[in-house]
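Reader: I would like to go through this model and its ligand site. Please keep the answers short.

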Amino acid sequence: MISFYPGPSKLYPEVASWLQQAYKEGIMSVNHRSAEFVALSQDTISLLKEKLNIPADYSVFYTSSATECWEIITQSFIRKQSLHIYNGAFGEKWYEYSKKINLNSAGIDFNVEKLPEVKIKIFKETEVLCLTQNETSNGTQLNDTTINGFKERFPELLVAIDATSSMAGINLNFNSADIWFASVQKCFGLPAGMALLICSPKAMKRAFQINDRRRYNSILFMYDKMKEWQTPYTPNVLNIYLLNKVLRHISSIKGTHDMIVARSAEWYKFLSGAKRLSALISNPEVRSNTVISVKGDEGTISLIKEAVKKEGFILGNGYGKWARTTFRIANFPAHEEQDIVALKTLLLNYL
Ligand SMILES: *Cc1c(COP(=O)(O)O)cnc(C)c1O
């Protein structure tokens, strides 16, 4: 089966042999306080910074999921209020989770066909602006100009970005926000069960002012451990090992970015010629490069999903109100040209 689900998705095929290697090398039994682990962790973080162009003075942490990152941000970087600007289910879920912890958390939703308004009014108590760079549920994305715009307009705030379905796929400008996170089952082409949380010096300074140390995953507790390249709890050592292998395997993010952008343009062109299907989002300025949402009538959508499944391909279900009238196609770096050609050949029967 080749999964085009936007996460978990197709793995890099090399994962099969890396797993064998991990077993032989005994990495799955390695103690997380050992010199062996420390060397692996340090090397992985330095590779991550190099391959994704993350500024040297940013801190990187291993977490278990993007969902955990939502919670860490709410607990360790916010005393009273975050402001969530969202247009889809993941951004909204982040807002809902935050509200349970900080009752004052606020939200502004925006139209899926538009970029969010940067000239918003914030509240007196707003401390962090929360944005979703790539909204996986509907296939929209924020561009650099918009993210930078928020940072420039609100220099006193932290800007936190959920980049779960774009990090390692497109070239993110890490300088344009203070907190970034992503789990590895999307563009990293790895099995689920780990995420990365990336913080600017400004974000860490703020965390020290707040000084939350009450939880196993308080950022300062994690920071103390990370000085020795370790974690408060036993981390997903196997996934750290696989991440190390993937990072060695992939080329520069600029090359990957160009490939992903070119492939997404081909997907949208492919859909623009169709009669029974179309892109869910019509504004090219906000369409995602890594998640292509495709709209059609209910019958056609379910027919296609079943037909391609019989041929060994998995498409992503639609989300929320578009559950039955859309499917989603992941355009992640681990997808190979031959997979895409084969899927398009099948889809040609239903255009
Ligand atoms: C997949 C996804 C998440 C959730 O990731 P988990 O690792 O399951 O917590 C959060 N945000 C976005 C944008 C996603 O695509």
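Reader: Which helix gives the largest share of the shell around the ligand?

Author: This is a predicted model, in which local features need pLDDT of at least 70 and side-chain atom pairs count only at pLDDT 80 or more, while totals for chains, interfaces and linings use all residues. Residues are numbered from 1 along each chain as its sequence is written, and side-chain values use heavy atoms, with hydrogens and water left out. Helices are DSSP runs of H or I with at least four residues, strands are runs of E with at least two, and both are numbered from the N terminus. The largest share of the shell, 3 residues, comes from helix H3 (residues 66–76).

Reader: Which residues come nearest to the ligand?

Author: A residue counts as near if one of its heavy atoms lies within 4 Å of the molecule. There are 14 residues around the ligand, and those that come nearest are Thr67, Thr136, Asp162, Ser183 and Lys186.

Reader: Which ligand atom lies 2.7 Å from a polar side-chain atom of Asp162?

Author: Polar contacts here are pairs of N or O atoms within 3.5 Å. Thr67 places a polar side-chain atom 2.6 Å from a ligand oxygen atom, and Lys186 has one 2.7 Å from an oxygen atom of the ligand. For Asp162, the ligand partner at 2.7 Å is a nitrogen atom.

Reader: How many residues of each class does the shell around the ligand have?

Author: Ala, Val, Leu, Ile, Met, Phe, Trp, Tyr, Cys and Pro count as nonpolar, Asp, Glu, Lys and Arg as charged, and the others, Gly among them, as polar. By that scheme the shell has 2 charged, 9 polar and 3 nonpolar residues.

Reader: Where does Pro8 lie?

Author: The peptide bond from Gly7 to Pro8 is cis, with omega near -15 degrees. Most peptide bonds are trans. Pro8 is in the loop between strand S1 (2–3) and helix H1 (15–25).

Reader: In which loop is Asn53 found?

Author: Asn53 is not a glycine, yet has a positive phi of about 60 degrees. Its loop is the one between helix H2 (35–52) and strand S2 (59–63).

How values were computed. A polar contact is a pair of N or O atoms within 3.5 Å; within protein, one must be able to donate a hydrogen and the other to accept it, and residues adjacent in sequence count only if both atoms are side-chain atoms.
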